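Visitor: Could you take me through one part of this model at close range? I would like to see how a single element sits among its surroundings.

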Amino acid sequence: MRLGAWVVLPPLEATTRTSTLTDKTLRILIADLQHFQRMKIERMFNGLDYYRIAPVQNLAELLTLVDYGCQPFDVLVINAELAVGIADLRGFLFDHPQIRRALVYGEPADSSGVPRQFGAKIITSPAPLPSIRAIEQLMTSVEASLGRSSRVRSQIGLAHNCQI
């Protein structure tokens, strides 16, 4: 008995993306105290075809991965509550060579904005959880800023047996 050929189409939201070529080698670090929020953010990235994601639940894990990693993280998405132990979070994110871009969410509304010199590398949001739109915009800017040469560097880094 032969079954008819069925064509499975992607979900509508997957077909509305403007860029269908995502750089699957981008390394993403999600830092949040709550497991459910980390999962929700990770699923947003998965929906955009990003899968090299490391979720962490506390500041010690974050610092260990960032300080001892063999390859920089292209994106750090961090809850401001988790970063309370870092005196100057913006300075830390801006100066750290293992963090290329950062999205800090859950910032108090009364906190000062990101100074101009940090603006290209650090995005802040008062929202308790980043929206899919904010993550799409972040990843679009990350991919545009990295260009083709960084993809080659990422692939070279993979040859050194680095895991996430």
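Guide: Happily; here is a walk around helix 3 and the parts that surround it. Please keep in mind that this is a predicted model.

First, the setting. The chain has five helices and five strands, and from the N terminus on they follow the order α-β-α-β-α-β-α-β-β-α. Of its 164 residues, 41% count as buried. Among contacts between residues at least 6 apart in sequence, 72% join residues at least 24 apart.

Now to the helix itself. At the N-terminal end of helix 3, N58 acts as a cap, with a side-chain oxygen 3.2 Å from the backbone nitrogen of A60. Three names to look for next are L59, L62 and V66, which are buried in helix 3. These residues lie on the same side of helix 3, because they cover an arc of only 60° around its axis. The general rule is that an α-helix has 3.6 residues a turn, so residues three or four places apart point the same way. Turn to the face directed away from the buried side, and you find the exposed residues A60 and Y68. A60 thus appears in two places: its backbone nitrogen takes part in the cap, and the residue belongs to the exposed face.

What does the buried side rest on? The buried residues of helix 3 pack against strand 1, strand 2 and strand 3. This leads us to the largest nonpolar core, which has 20 residues; L29, A31, L62, L76, I78, L93 and V104 touch the most other members. Strand 1 (28–31), strand 2 (53–56), helix 3, strand 3, helix 4 and strand 4 each give two or more residues to this core. Helix 3 gives the most, with three residues.

It is worth pausing at V104, one of the well-connected core members. Leaving aside neighbours within four places in sequence, V104 is in contact with I78, A80, L89, L93, I122, I123, T124 and S125. Apart from this core lies another, of 19 residues, including L48, L129, I135 and L146.

Just past helix 3 the picture turns to charged side chains. The structure holds two salt bridges, and one of them joins the side chains of D74 and R100 at 2.4 Å, N to O. D74 lies in the loop between helix 3 (59–68) and strand 3 (75–79), and R100 in the loop between helix 4 (89–95) and strand 4 (102–105), so the pair ties together parts that are 26 residues apart in sequence. D74 counts as buried at 2% relative accessibility, whereas R100 is partly exposed at 29%.

The other pair is R90 and E107, whose side chains meet at 2.8 Å, N to O. Here R90 sits in helix 4 and E107 in the loop between strand 4 and strand 5 (122–125), 17 residues apart. R90 is buried, with a relative accessible area of 19%, and E107 is buried as well, at 13%.

One last stop is on the way into strand 2, which the buried residues of helix 3 pack against. D49 is found in the loop between helix 2 (35–47) and strand 2. Its phi is near 70°, a positive value in a residue other than glycine, and D49 is partly exposed, with a relative accessible area of 29%.

Methods: Residues numbered from 1 in each chain as written. Predicted model: local features only at pLDDT ≥ 70, side-chain atom pairs only at ≥ 80, totals over all residues. Heavy atoms only, no water. Salt bridge = Lys/Arg side-chain N within 4 Å of Asp/Glu carboxyl O. Helix = DSSP H or I, 4+ residues; strand = E, 2+ residues; numbered from the N terminus. Buried < 20%, exposed > 50% of the residue type's maximum accessible area, 1.4 Å probe, protein only. Contact = heavy atoms within 4.5 Å. Core = buried A, V, L, I, M, F, W, Y, C linked by side-chain atoms within 4.5 Å. Arc of directions from axis to C-beta. Polar contact = N/O pair within 3.5 Å; in protein donor to acceptor, adjacent residues only side chain to side chain.
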